[in-house]
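Opened the model today and kept a running log. Cysteines come up first, then the sheets, then the helices.

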Amino acid sequence: MTRITAPSTAYLLHLDAETARRMQTAQAPDSPFAGASAQLAAALEARVDALAADLSEVVHTLHGDPETAYEEHRSAAFLVELLNRHGIKAGLGVFGLSTAVRAEIGSGSGPAIAILSEYDALPEVGHACGHNVIAATGVGAFIALAKTLDEDPEAFPGRVVFLGTPAEEGHSGKEVMARGGAFDDVDAAIMVHPYAMDLAEQVWLGRRLLTVTFSGVAAHASAQPFMGRNALDAASLAYTGIGLLRQQLPPADRVHAIITEGGQRPSVIPEKAVLKLYARSKYPDTLKDLSARLEDIATGAALMTGTAVDISWDEHPPSLPVRTNSALTGRWVAAQQRRGRSPLPAGVVSETIAASTDFGNVSYRIPGIHPLIGIAPADVALHTRAFAEAAGSPAAESGALDGAAGLALTALDYLCDPELREAVAREFAEAGGPVDVPSYFD
């Protein structure tokens, strides 16, 4: 009997060393914009700090009762109850999703910014991505801004929209909400994700889901194999072709596949085989190119085996990469520096350590940011039991409070500073402007 070979940690250690070297010379992105007045910002920050007990309650309530994608009924209801507790009306079951939440403050005219909260968990490992912390940051920022308007209705112009966005893990809840109009009436969107360090920006890959079904002809594998057309052979060839394709992929591209069906008995040539895979890439156009290459591989495997093939993309809507708005990022960094944090710029952490998020789809509709805030030791990875433990720790409480302050102050700066808003919009336009996400891969 053979034993499992333990994966080497050598490469990770080298990455850690490279990150440490870059950190020694890295400088957090600055901002040339004034933002809100010092007095108004200080008052808002104090309102966030006054919510510490509420945000701790969010962190631990959701952490102790994790719910997976589209099943976050108790989590969503808890956020609505918290908003109601602070005198804010909120809608539950909006944009066609029973666990989506929306609330709004401010006047109907002027600029509008959305603050987002996620709250779905992972199967088996619970809040191993820290969405309970994301929930606290978004709702805390929104409540603090609401209290600012309660005290002074002229404190800032425009509107702030709170959106509770379900089903990020393995799904695309934000895209479903977007197609229902969730972002039609806002000019920018912001959220923050917990991590093992503070990063102003990090690479988030676009992601598509592909199901390839090969159909062949069943036959007796011994008596008449020549009368069969082997669907499992086609899936095996496609799997091998994907492995060979990796040699020619850009460094940040990822393809991972499994064969979920491949026959029932060795004595029968399989007439059906199913291959499921994720395709990820750093840019929308490179993701489109990767998609075409994968379709060619599936078609070629079918031709080689005499089988039919059905290629089905995106059981759940695809996720585009995140397009980060640097003008907004600068204000996030300034807010975090007020909290004693120093978010690192892009490029410090290797882009090979990259996942995906449906916030990417939002960032190609309107300007947005998706920074990371540290709640765990640097060697703790997302989607692990160790990170789930960190998401219920005192560091998670601190991260939730600092994250809420950061989002609230960034939103306040955006609403109060016309030059900042102009720069945000100009940068977004120069990056290509809005993308029609639903039709992008057609």
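Entry 1, cysteines. I looked up Cys129 and found it buried because its relative accessibility is 6%; buried is under 20% relative accessible area, exposed is over 50%, and partly exposed lies in between (1.4 Å probe, protein chains only). Cys416 is partly exposed, at a relative accessible area of 25%. How many disulfides does the structure hold? Zero, with a disulfide taken as a pair of cysteine sulfur atoms within 2.5 Å.

Housekeeping. This is a predicted model, so I kept in mind that local features need pLDDT of at least 70 and side-chain atom pairs count only at pLDDT 80 or more, while totals for chains, interfaces and linings use all residues. Residues are numbered from 1 along each chain as its sequence is written, and side-chain values use heavy atoms, leaving out hydrogens and water.

Entry 2, the four-stranded sheet. I traced an open sheet with strand order 8-9-7-10 and antiparallel pairing. Strands here are DSSP runs of E with at least two residues, helices are runs of H or I with at least four, and both are numbered from the N terminus; two strands pair if DSSP finds at least two bridges between them. Strand 8 (254–261) and strand 10 (308–313) each have a single partner strand, so one side of each lacks a neighbour in the sheet. Neighbouring strands are turned by 20° against each other on average, direction ignored. Axes are lines fitted to C-alpha atoms, for helices over the stretch in contact, and angles run from 0 to 180 degrees between N-to-C directions.

Inside that sheet, strand 7 (residues 206–215) and strand 9 (residues 272–281) pair antiparallel over 10 bridges. I checked Leu210 and found Leu277 of strand 9 opposite. Helix 7 (residues 231–245) lies across strands 7, 8 and 9, at about 15° to strand 9. Helix 8 (residues 284–305) lies across strands 7, 8, 9 and 10, at about 160° to strand 10.

Entry 3, the six-stranded sheet. This open sheet runs 1-2-4-3-5-11 with mixed pairing. Strand 1 (91–92) and strand 11 (368–369) are the edge strands, each pairing on one side only. Strand 1 and strand 2 (residues 101–106) pair antiparallel over two bridges. Helix 5 (residues 131–151) packs on this sheet, touching strand 2, strand 3 (112–117) and strand 4 (159–164), and makes about 140° with strand 3.

Entry 4, Leu145. This residue is in helix 5. Is Leu145 buried or exposed? Buried, with a relative accessible area of 0%. Leaving out residues up to four places away in sequence, its contacts (heavy atoms within 4.5 Å) include Leu44, Ile105, Ile115, Ala408 and Leu412. I also checked Leu145 against Ala301: they are 156 residues apart in sequence and 57 Å apart in space, C-alpha to C-alpha.

Entry 5, helix 12. Helix 12 (residues 394–416) lies across strand 3, strand 4, strand 5 (188–190) and strand 11, at about 165° to strand 3. Of its 23 residues, 18 are buried. Its 23 residues should span 33 Å at 1.5 Å a residue, and the end C-alpha atoms are 33 Å apart, which agrees; the expected span is 1.5 Å times one less than the number of residues.

Helix 12 and helix 13 (residues 418–430) pack at about 100°, axes 5 Å apart. The two are therefore roughly perpendicular, the label for 65 to 115 degrees; under 35 counts as roughly parallel, over 145 as roughly antiparallel and the rest as oblique. Cys416 turns up again in this contact, among the helix 12 residues, and helix 13 brings Pro418, Leu420, Arg421 and Val424.
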